[in-house]
Amino acid sequence: MPFIHLPKPWQLPESAVTPEAAFWNRRKFLKTLVGAGIGASVLPLGACGRSGDVDPALRKTLGRPLGGVTPNPDFQDAGRPITKQVHASRYNNFYEFGGTKNIWQNAQKLPTDPWTLEVSGLVKNPRQYDLDDLTKHFPLEERIYRFRCVEAWAMVVPWVGFPMRSLIEDVEPTSAAKFVRFTSFYDPQITPGPAWEFALNLPWPYVEGLTLAEMANELAFFAVGLYGRTLPKQHGAPIRMVVPWKYGFKGAKSIVKIEFLAEQPATYWNVISPNEYGFEANVNPEVPHPRWSQATERIVGSGTNPFNWERQPTLIYNGYGEYVADLYS
Ligand code: MTE
(Lines give C-alpha, C1' and ligand atoms only; values in the text may rest on other atoms or scores of the structure.)
Protein backbone atom coordinates (compact mmCIF):
# COMPACT_ATOMS: atom_id res chain seq x y z
CA MET A 1 0.00 0.00 0.00
CA PRO A 2 1.63 3.28 -1.07
CA PHE A 3 1.95 5.80 1.74
CA ILE A 4 -0.42 8.42 0.33
CA HIS A 5 -2.95 10.25 2.48
CA LEU A 6 -6.17 10.39 0.50
CA PRO A 7 -9.38 11.50 2.18
CA LYS A 8 -11.20 8.48 3.59
CA PRO A 9 -14.62 7.80 2.04
CA TRP A 10 -16.31 8.87 5.25
CA GLN A 11 -14.62 12.29 5.05
CA LEU A 12 -16.74 13.04 1.96
CA PRO A 13 -19.09 14.76 2.34
CA GLU A 14 -18.14 16.47 5.58
CA SER A 15 -21.84 16.83 6.49
CA ALA A 16 -22.16 13.06 6.93
CA VAL A 17 -19.66 13.08 9.81
CA THR A 18 -21.02 13.50 13.33
CA PRO A 19 -19.09 16.35 14.93
CA GLU A 20 -17.57 15.77 18.35
CA ALA A 21 -15.00 18.34 19.32
CA ALA A 22 -13.17 16.20 21.87
CA PHE A 23 -12.65 13.37 19.43
CA TRP A 24 -11.28 15.54 16.64
CA ASN A 25 -9.07 17.56 18.95
CA ARG A 26 -7.55 14.43 20.41
CA ARG A 27 -6.87 13.13 16.92
CA LYS A 28 -5.02 16.32 15.96
CA PHE A 29 -3.11 16.13 19.22
CA LEU A 30 -2.05 12.55 18.59
CA LYS A 31 -1.01 13.28 15.00
CA THR A 32 1.17 16.12 16.23
CA LEU A 33 2.75 13.96 18.90
CA VAL A 34 3.39 11.02 16.65
CA GLY A 35 4.61 13.28 13.84
CA ALA A 36 7.13 14.67 16.28
CA GLY A 37 8.19 11.14 17.23
CA ILE A 38 6.89 11.51 20.77
CA GLY A 39 3.88 9.22 20.72
CA ALA A 40 5.68 5.92 20.99
CA SER A 41 5.29 4.00 24.21
CA VAL A 42 4.32 6.89 26.43
CA LEU A 43 0.62 7.59 26.05
CA PRO A 44 -1.40 6.49 29.08
CA LEU A 45 -4.24 5.35 26.84
CA GLY A 46 -6.53 4.11 29.56
CA ALA A 47 -6.25 7.46 31.32
CA CYS A 48 -7.59 9.45 28.38
CA GLY A 49 -11.13 8.83 29.53
CA ARG A 50 -12.28 7.79 26.08
CA SER A 51 -14.09 4.80 27.44
CA GLY A 52 -16.65 7.15 29.04
CA ASP A 53 -18.37 6.35 32.31
CA VAL A 54 -18.67 2.68 33.15
CA ASP A 55 -20.81 1.36 35.97
CA PRO A 56 -19.28 -0.84 38.71
CA ALA A 57 -20.66 -4.09 37.25
CA LEU A 58 -19.09 -3.40 33.88
CA ARG A 59 -15.88 -2.11 35.46
CA LYS A 60 -15.35 -5.53 37.06
CA THR A 61 -15.21 -7.10 33.59
CA LEU A 62 -12.56 -4.74 32.19
CA GLY A 63 -8.97 -5.82 31.67
CA ARG A 64 -5.76 -4.36 33.06
CA PRO A 65 -4.16 -1.17 31.66
CA LEU A 66 -1.75 -1.84 28.81
CA GLY A 67 1.45 0.22 28.69
CA GLY A 68 3.83 0.75 25.81
CA VAL A 69 1.16 1.25 23.17
CA THR A 70 1.82 3.47 20.15
CA PRO A 71 -1.23 5.11 18.55
CA ASN A 72 -0.99 4.36 14.83
CA PRO A 73 -1.43 7.82 13.21
CA ASP A 74 -3.04 6.34 10.09
CA PHE A 75 -5.87 4.83 12.08
CA GLN A 76 -6.91 7.50 14.55
CA ASP A 77 -9.73 8.87 12.38
CA ALA A 78 -12.71 6.60 11.85
CA GLY A 79 -14.98 9.42 10.71
CA ARG A 80 -17.32 8.95 13.66
CA PRO A 81 -16.89 9.37 17.40
CA ILE A 82 -15.55 6.38 19.30
CA THR A 83 -18.40 4.33 20.77
CA LYS A 84 -18.55 4.68 24.54
CA GLN A 85 -17.29 1.56 26.24
CA VAL A 86 -20.47 1.33 28.27
CA HIS A 87 -22.19 0.45 24.99
CA ALA A 88 -19.44 -1.46 23.18
CA SER A 89 -18.68 -3.79 26.07
CA ARG A 90 -22.28 -4.68 26.83
CA TYR A 91 -23.61 -5.19 23.32
CA ASN A 92 -21.71 -8.28 22.26
CA ASN A 93 -22.02 -11.43 20.22
CA PHE A 94 -20.24 -14.50 21.59
CA TYR A 95 -22.58 -17.40 20.95
CA GLU A 96 -20.52 -19.83 23.01
CA PHE A 97 -21.99 -17.92 25.98
CA GLY A 98 -25.56 -17.69 24.70
CA GLY A 99 -27.73 -15.89 22.22
CA THR A 100 -28.89 -12.90 24.29
CA LYS A 101 -27.31 -9.55 24.99
CA ASN A 102 -26.26 -10.74 28.50
CA ILE A 103 -23.11 -12.17 27.04
CA TRP A 104 -20.96 -9.51 28.65
CA GLN A 105 -21.82 -11.15 31.99
CA ASN A 106 -21.95 -14.80 30.90
CA ALA A 107 -18.53 -14.58 29.24
CA GLN A 108 -16.84 -13.92 32.58
CA LYS A 109 -16.66 -17.74 32.95
CA LEU A 110 -14.04 -17.91 30.20
CA PRO A 111 -10.71 -19.11 31.69
CA THR A 112 -7.95 -17.01 30.08
CA ASP A 113 -4.91 -17.63 32.29
CA PRO A 114 -2.98 -19.70 31.35
CA TRP A 115 -3.56 -19.46 27.60
CA THR A 116 -1.76 -21.03 24.66
CA LEU A 117 -2.11 -19.88 21.07
CA GLU A 118 -0.73 -22.56 18.78
CA VAL A 119 0.34 -21.61 15.24
CA SER A 120 0.94 -24.53 12.91
CA GLY A 121 0.36 -25.98 9.44
CA LEU A 122 2.28 -24.84 6.37
CA VAL A 123 4.85 -22.67 8.17
CA LYS A 124 8.61 -22.84 8.60
CA ASN A 125 8.47 -21.90 12.29
CA PRO A 126 5.49 -23.40 14.15
CA ARG A 127 5.01 -21.47 17.39
CA GLN A 128 3.21 -21.54 20.70
CA TYR A 129 2.55 -18.13 22.27
CA ASP A 130 1.62 -17.94 25.94
CA LEU A 131 -0.45 -15.21 27.60
CA ASP A 132 2.57 -13.03 28.29
CA ASP A 133 3.84 -13.34 24.69
CA LEU A 134 0.54 -11.97 23.39
CA THR A 135 1.16 -8.54 24.89
CA LYS A 136 4.98 -8.56 24.89
CA HIS A 137 6.26 -10.40 21.84
CA PHE A 138 4.94 -7.94 19.21
CA PRO A 139 5.02 -4.14 19.54
CA LEU A 140 1.53 -2.96 20.45
CA GLU A 141 -0.32 -0.19 18.64
CA GLU A 142 -3.72 1.42 18.91
CA ARG A 143 -6.00 1.52 15.87
CA ILE A 144 -9.42 3.13 15.89
CA TYR A 145 -11.51 1.15 13.42
CA ARG A 146 -15.10 1.15 12.24
CA PHE A 147 -16.77 -2.14 13.15
CA ARG A 148 -19.81 -3.42 11.22
CA CYS A 149 -21.84 -6.45 12.31
CA VAL A 150 -23.79 -8.41 9.69
CA GLU A 151 -26.84 -7.67 11.89
CA ALA A 152 -26.57 -4.04 10.63
CA TRP A 153 -25.29 -2.37 13.78
CA ALA A 154 -22.01 -0.49 13.81
CA MET A 155 -19.54 0.94 16.30
CA VAL A 156 -16.11 2.59 16.39
CA VAL A 157 -13.62 0.75 18.59
CA PRO A 158 -10.14 1.78 19.77
CA TRP A 159 -8.38 -1.59 19.51
CA VAL A 160 -4.94 -2.33 20.89
CA GLY A 161 -2.91 -5.11 19.32
CA PHE A 162 -0.58 -5.88 16.44
CA PRO A 163 -0.88 -6.35 12.67
CA MET A 164 -1.51 -9.93 11.54
CA ARG A 165 1.44 -9.39 9.21
CA SER A 166 3.81 -9.43 12.19
CA LEU A 167 2.70 -12.94 13.09
CA ILE A 168 3.06 -14.03 9.46
CA GLU A 169 6.66 -12.79 9.54
CA ASP A 170 7.27 -14.69 12.77
CA VAL A 171 6.07 -18.07 11.53
CA GLU A 172 7.01 -17.76 7.82
CA PRO A 173 4.34 -19.58 5.83
CA THR A 174 5.63 -21.86 3.06
CA SER A 175 4.74 -21.18 -0.59
CA ALA A 176 2.01 -23.84 -0.34
CA ALA A 177 0.02 -21.81 2.24
CA LYS A 178 -2.96 -20.03 0.66
CA PHE A 179 -5.56 -19.89 3.47
CA VAL A 180 -5.60 -19.51 7.23
CA ARG A 181 -7.98 -21.06 9.78
CA PHE A 182 -8.58 -19.43 13.17
CA THR A 183 -10.17 -21.52 15.92
CA SER A 184 -11.81 -20.15 19.07
CA PHE A 185 -11.71 -21.65 22.56
CA TYR A 186 -14.29 -24.37 23.10
CA ASP A 187 -15.12 -26.49 26.11
CA PRO A 188 -18.72 -27.74 26.28
CA GLN A 189 -18.67 -27.47 30.10
CA ILE A 190 -17.79 -23.76 29.91
CA THR A 191 -19.11 -22.63 26.53
CA PRO A 192 -22.38 -24.54 26.08
CA GLY A 193 -23.82 -22.23 23.41
CA PRO A 194 -27.33 -20.77 23.29
CA ALA A 195 -30.17 -22.53 25.10
CA TRP A 196 -32.30 -22.72 21.91
CA GLU A 197 -33.26 -26.22 20.87
CA PHE A 198 -31.79 -25.96 17.38
CA ALA A 199 -28.50 -24.90 18.96
CA LEU A 200 -27.89 -28.47 20.15
CA ASN A 201 -26.13 -29.36 16.92
CA LEU A 202 -24.13 -26.22 16.21
CA PRO A 203 -20.73 -26.97 14.62
CA TRP A 204 -18.44 -25.92 17.48
CA PRO A 205 -15.75 -24.79 17.83
CA TYR A 206 -16.23 -21.35 16.23
CA VAL A 207 -13.88 -21.28 13.27
CA GLU A 208 -13.12 -18.47 10.84
CA GLY A 209 -10.87 -18.18 7.81
CA LEU A 210 -9.06 -15.71 5.58
CA THR A 211 -6.99 -16.02 2.46
CA LEU A 212 -3.30 -15.56 3.20
CA ALA A 213 -3.42 -12.35 1.10
CA GLU A 214 -6.22 -10.98 3.29
CA MET A 215 -4.31 -11.86 6.44
CA ALA A 216 -1.23 -10.07 5.05
CA ASN A 217 -3.25 -6.90 4.31
CA GLU A 218 -2.22 -3.81 6.23
CA LEU A 219 -5.61 -3.58 7.99
CA ALA A 220 -5.81 -7.15 9.33
CA PHE A 221 -5.18 -6.97 13.06
CA PHE A 222 -5.03 -9.10 16.19
CA ALA A 223 -6.56 -7.27 19.14
CA VAL A 224 -5.29 -8.02 22.64
CA GLY A 225 -6.94 -4.94 24.11
CA LEU A 226 -9.34 -2.06 23.66
CA TYR A 227 -9.80 1.36 25.30
CA GLY A 228 -6.20 1.10 26.54
CA ARG A 229 -6.72 -2.12 28.54
CA THR A 230 -6.45 -5.85 27.87
CA LEU A 231 -9.52 -7.32 26.17
CA PRO A 232 -12.51 -7.97 28.39
CA LYS A 233 -13.68 -11.57 28.14
CA GLN A 234 -16.89 -10.57 26.35
CA HIS A 235 -14.77 -9.17 23.49
CA GLY A 236 -12.74 -12.36 23.09
CA ALA A 237 -9.87 -12.23 25.59
CA PRO A 238 -7.00 -12.71 25.38
CA ILE A 239 -6.71 -12.41 21.58
CA ARG A 240 -9.23 -11.99 18.74
CA MET A 241 -9.25 -11.13 15.04
CA VAL A 242 -10.21 -7.69 13.71
CA VAL A 243 -10.81 -7.40 9.95
CA PRO A 244 -12.65 -4.08 9.63
CA TRP A 245 -13.67 -4.31 5.95
CA LYS A 246 -15.58 -7.55 6.65
CA TYR A 247 -18.70 -8.24 8.67
CA GLY A 248 -17.99 -8.68 12.37
CA PHE A 249 -18.59 -12.44 12.38
CA LYS A 250 -15.26 -12.87 10.54
CA GLY A 251 -13.53 -11.67 13.73
CA ALA A 252 -13.18 -14.89 15.73
CA LYS A 253 -12.73 -14.33 19.47
CA SER A 254 -10.52 -16.04 22.07
CA ILE A 255 -8.32 -17.76 19.51
CA VAL A 256 -6.46 -20.92 20.54
CA LYS A 257 -5.24 -22.13 17.17
CA ILE A 258 -4.12 -20.63 13.84
CA GLU A 259 -3.35 -22.99 10.94
CA PHE A 260 -1.85 -22.14 7.55
CA LEU A 261 -3.48 -24.30 4.88
CA ALA A 262 -3.47 -25.02 1.15
CA GLU A 263 -7.28 -25.22 0.88
CA GLN A 264 -10.11 -22.94 1.98
CA PRO A 265 -11.31 -24.06 5.43
CA ALA A 266 -14.94 -24.62 6.39
CA THR A 267 -16.11 -21.78 8.67
CA TYR A 268 -18.72 -21.71 11.41
CA TRP A 269 -21.49 -19.48 10.02
CA ASN A 270 -20.89 -20.59 6.46
CA VAL A 271 -21.49 -24.21 7.49
CA ILE A 272 -24.67 -23.24 9.36
CA SER A 273 -26.15 -21.06 6.60
CA PRO A 274 -24.05 -20.77 3.42
CA ASN A 275 -26.45 -18.48 1.54
CA GLU A 276 -26.53 -15.97 4.41
CA TYR A 277 -22.89 -15.93 5.51
CA GLY A 278 -20.29 -16.21 2.76
CA PHE A 279 -16.63 -17.00 3.30
CA GLU A 280 -15.58 -13.61 1.93
CA ALA A 281 -18.21 -11.57 3.85
CA ASN A 282 -16.98 -8.13 2.79
CA VAL A 283 -19.23 -5.26 3.92
CA ASN A 284 -21.35 -4.31 0.92
CA PRO A 285 -24.43 -2.06 1.01
CA GLU A 286 -25.65 -3.47 -2.29
CA VAL A 287 -25.83 -7.11 -1.31
CA PRO A 288 -28.69 -7.55 1.15
CA HIS A 289 -28.68 -10.31 3.70
CA PRO A 290 -31.51 -12.64 2.57
CA ARG A 291 -33.56 -11.44 5.56
CA TRP A 292 -32.69 -7.70 5.76
CA SER A 293 -31.11 -4.83 3.87
CA GLN A 294 -27.45 -3.91 4.37
CA ALA A 295 -27.88 -0.43 2.83
CA THR A 296 -27.82 1.32 6.22
CA GLU A 297 -26.45 0.58 9.68
CA ARG A 298 -27.55 1.49 13.21
CA ILE A 299 -24.99 3.34 15.31
CA VAL A 300 -24.67 1.54 18.65
CA GLY A 301 -25.38 3.83 21.59
CA SER A 302 -26.65 6.75 19.48
CA GLY A 303 -30.13 6.76 21.07
CA THR A 304 -31.80 5.67 24.27
CA ASN A 305 -32.61 2.18 23.00
CA PRO A 306 -31.60 0.01 20.03
CA PHE A 307 -34.91 0.72 18.28
CA ASN A 308 -34.15 4.41 17.85
CA TRP A 309 -30.41 4.26 17.20
CA GLU A 310 -29.45 6.60 14.40
CA ARG A 311 -29.11 5.07 10.92
CA GLN A 312 -26.29 5.92 8.55
CA PRO A 313 -25.46 4.64 5.06
CA THR A 314 -23.29 1.52 4.88
CA LEU A 315 -20.04 2.04 2.95
CA ILE A 316 -18.56 -0.53 0.58
CA TYR A 317 -15.76 -2.41 2.39
CA ASN A 318 -16.94 -0.47 5.47
CA GLY A 319 -15.08 2.55 4.05
CA TYR A 320 -11.72 0.74 3.70
CA GLY A 321 -11.76 0.18 -0.09
CA GLU A 322 -8.55 2.17 -0.50
CA TYR A 323 -6.72 -0.60 1.39
CA VAL A 324 -8.51 -3.73 0.25
CA ALA A 325 -10.38 -3.28 -3.05
CA ASP A 326 -7.46 -4.59 -5.09
CA LEU A 327 -7.59 -7.90 -3.18
CA TYR A 328 -10.86 -8.61 -5.02
CA SER A 329 -10.25 -7.19 -8.50
N1 MTE B 1 -16.26 -15.23 17.91
C2 MTE B 1 -16.69 -16.31 18.57
N3 MTE B 1 -15.80 -17.21 19.01
N4 MTE B 1 -18.01 -16.53 18.80
C5 MTE B 1 -18.98 -15.66 18.34
O6 MTE B 1 -20.17 -15.90 18.56
N7 MTE B 1 -19.44 -13.59 17.13
C8 MTE B 1 -18.98 -12.77 16.02
C9 MTE B 1 -17.58 -12.19 16.29
N10 MTE B 1 -16.70 -13.20 16.81
C11 MTE B 1 -18.55 -14.50 17.63
C12 MTE B 1 -17.16 -14.31 17.45
C13 MTE B 1 -19.90 -11.69 15.69
S14 MTE B 1 -21.35 -12.17 14.94
C15 MTE B 1 -19.62 -10.39 15.94
S16 MTE B 1 -20.62 -9.13 15.36
C17 MTE B 1 -18.45 -10.00 16.72
O18 MTE B 1 -17.72 -11.12 17.22
C19 MTE B 1 -18.85 -9.13 17.89
O20 MTE B 1 -17.71 -8.65 18.55
P21 MTE B 1 -17.87 -7.78 19.88
O22 MTE B 1 -18.82 -8.49 20.79
O23 MTE B 1 -16.51 -7.65 20.46
O24 MTE B 1 -18.42 -6.44 19.44
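This report walks through a predicted model of one protein chain and the ligand it holds.

## The chain as a whole

Let's start with the overall picture. The chain has 329 residues, and 54% of them are buried. Its secondary structure consists of nine helices and 13 strands.

Contacts across the sequence tell us something too. Taking the contacts in the chain with a separation of 6 or more, 74% are between residues 24 or more positions apart. On the outside, the accessible surface of the chain is about 14700 Å², and carbon and sulfur atoms contribute 56% of that area.

## Around the ligand

Now for the ligand. There are 18 residues around it, and the ones that come nearest are Tyr95, Glu96, His235, Gly251 and Lys253. By character, the shell around the ligand splits into nine nonpolar, six polar and three charged residues.

Several polar atoms of the ligand have partners in the protein. The side chain of His235 has an N or O atom 2.8 Å from an oxygen atom of the ligand, and the side chain of Asn92 places an N or O atom 2.9 Å from a ligand oxygen. Gly251 takes part through its backbone, where a polar atom is 2.8 Å from a nitrogen atom of the ligand. On its own, the ligand has 530 Å² of accessible area, and the protein covers 99% of this.

## Helix H6 and its end

Helix H6 spans residues 164-171, and its buried residues are Met164, Leu167, Ile168, Asp170 and Val171. Looking down the axis of H6, you would find these buried residues within an arc of 160 degrees, so they line one face of the helix.

What happens just after H6? There, Glu172 takes a positive phi of about 50 degrees.

## Two buried loop residues

Loops can hold buried residues as well, and Thr267 is one example, in the loop that joins strand E11 (255-261) to helix H8 (268-272). Its relative accessibility is 3%, so Thr267 counts as buried because the cut-off for that label is under 20%. Which residues does Thr267 contact, leaving aside neighbours within four places in sequence? They are Val207, Glu208, Gly209 and Phe279.

The second example is Ile82, which sits in the loop between strand E1 (69-71) and helix H3 (85-88). With a relative accessibility of 12%, Ile82 also counts as buried. The C-alpha atoms of Ile82 and Ile144 are 7.7 Å apart, although 62 residues separate the two along the chain.

Technical notes
Residues numbered from 1 in each chain as written. Predicted model: local features only at pLDDT ≥ 70, side-chain atom pairs only at ≥ 80, totals over all residues. Heavy atoms only, no water. Helix = DSSP H or I, 4+ residues; strand = E, 2+ residues; numbered from the N terminus. Buried < 20%, exposed > 50% of the residue type's maximum accessible area, 1.4 Å probe, protein only. Contact = heavy atoms within 4.5 Å. Arc of directions from axis to C-beta. Areas by Shrake-Rupley, 256 points an atom, 1.4 Å probe, with all protein chains shown as cover. Near = heavy atom within 4 Å. Polar contact = N/O pair within 3.5 Å; in protein donor to acceptor, adjacent residues only side chain to side chain. Nonpolar A, V, L, I, M, F, W, Y, C, P; charged D, E, K, R; others polar.
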